[in-house]
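Here are my notes on this one, as numbered points. Have the structure open while you go through them.

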Number of protein chains: 2
Amino acid sequence: MNNQQFDLSNWQSYGYSCPVEATLDIIGGKWKSVILYHLIDGEIRFNELKRLVPGITQRMLTLQLRELERDGIIHREVYKQVPPKVEYSLTLFGKTLIPIIKSMLQWGIEHTEKIVHHREQANVKD
Amino acid sequence: MNNQQFDLSNWQSYGYSCPVEATLDIIGGKWKSVILYHLIDGEIRFNELKRLVPGITQRMLTLQLRELERDGIIHREVYKQVPPKVEYSLTLFGKTLIPIIKSMLQWGIEHTEKIVHHREQANVKD
DNA sequence: TGTCATAGTATCATTTTTTATACTAAAGGA
DNA sequence: TCCTTTAGTATAAAAAATGATACTATGACA
């Protein structure tokens, strides 16, 4: 029971030091959680998503959607039309993330005003 | 009711497009959620934290802790000793984030194995 | 024939994040 | 006197994330 640290559980074998790190590997980054939030209510087209997430560039939106698709979180449905129509939606697996997104949503609703004010105070000399 | 979009609520007035974005502004980034996870059980010293989060550098740990402190999420207690002793802990406000961290923890516990396997499959040609 | 819309790609530039490395103070002990 | 420890800071460099801009295919429509 000296300096042995085998006991950090088996997360290292997955390449993570804890479960939270693993979760972040899926929903981490500046945009993914926000994208998932908008998908909670159902499928959304590419341009619609772009409008819902102002500030994201077309390139970033594409990249993030591709990663979420690769990880099995969202489904990409292409309609054979011109102009193109592509709809994104949560997979069953992706829906298991909803509790996380909802808790982030709830926290934001309850505490954003406070943190904004708090930062304004701090910015006296920043 | 035409192209008016005033209705995206008042989040823009805070500089965010939705509450989730605001939350990410506090706990976003590669390390903050992991740090908070380790602080759930009580106060931790700097070096102890460094050991619990392998992979993080001393500089990054310092930077992240400073930001969390600035936002009122954690408390920094300095003991006047040599060698120094500094303990970090969640503030009352910081504890409001626990539900988010716990849901991330839970998801990681339940789904990490699946995503690791899933990615191994995908990596046949990656 | 020229124009429009959607859902992208390609290329390059910039910004942000992260790392590596060396350095510091100060008290106690050998 | 030198070495150890903790909790950092300073500086520069590298890597990763993000952004800006221009470009594409396709069919419908004027």
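1. Start at the backbone of DNA strand D: a polar side-chain atom of B:Arg45 sits 2.9 Å from one of its phosphate oxygens. B:Tyr88 does something similar, with a polar side-chain atom 2.7 Å from a phosphate oxygen of DNA strand D. For B:Arg66, the distance from a side-chain N or O atom to a phosphate oxygen of that strand is 3.2 Å. Do keep in mind that this is a predicted model.

2. Zooming out, 20 residues surround DNA strand D, and those that come nearest are A:Arg59, B:Gln58, B:Arg76, B:Pro84 and B:Tyr88. What do the strand's atoms within 4 Å of the protein belong to? Sugar or phosphate accounts for 64% of them, and bases for the rest.

3. Which elements supply at least two residues each to the surface near DNA strand D? From chain A there is helix H4 (58-70), and from chain B there are helix H3 (46-52), helix H4 (58-70) and strand S3 (85-90). H4(B) gives the largest share, with four residues.

4. Now the two protein chains. Chain B superposes on chain A after a rotation of 180 degrees with 0.0 Å of shift along the axis, and the RMSD is 0.0 Å. That is how a two-fold axis relates two copies. Both copies use the same surface, as 100% of the contact residues of chain B recur in chain A.

5. On to the rings: there are two aromatic pairs over all chains. In one of them, A:Phe93 and B:Trp107 are 5.7 Å apart, centre to centre, with 35 degrees between the planes, which makes the pair tilted. This pair crosses between chains, running from helix H5 (residues 92-95) of chain A to helix H6 (residues 98-122) of chain B. Buried or exposed? A:Phe93 has a relative accessible area of 10%, so it is buried, and B:Trp107 counts as buried at 3%.

6. A:Trp107 and B:Phe93 also pair up: their ring centres are 5.7 Å apart and their planes are at 35 degrees, so this pair is tilted. Because A:Trp107 lies in helix H6 (residues 98-122) of chain A and B:Phe93 in helix H5 (residues 92-95) of chain B, the pair joins two chains. Both of these residues, A:Trp107 and B:Phe93, are buried.

7. Finally, check the lysines. A:Lys114 lies over the face of B:Phe93, 4.2 Å from the ring centre. Within chain A, A:Lys85 lies over the face of A:Tyr79, at 4.7 Å from the ring centre.

Technical notes
Residues numbered from 1 in each chain as written. Chains lettered and ligands numbered in written order. Predicted model: local features only at pLDDT ≥ 70, side-chain atom pairs only at ≥ 80, totals over all residues. Heavy atoms only, no water. Least-squares fit on C-alpha atoms with pLDDT ≥ 70 in both. Contact = heavy atoms within 4.5 Å. Phe/Tyr/Trp six-rings, centres within 6.5 Å; stacked < 30°, edge-to-face > 60°. Buried < 20%, exposed > 50% of the residue type's maximum accessible area, 1.4 Å probe, protein only. Lys NZ or Arg CZ within 6 Å of the ring centre and 35° of its normal. Near = heavy atom within 4 Å. Polar contact = N/O pair within 3.5 Å; in protein donor to acceptor, adjacent residues only side chain to side chain.
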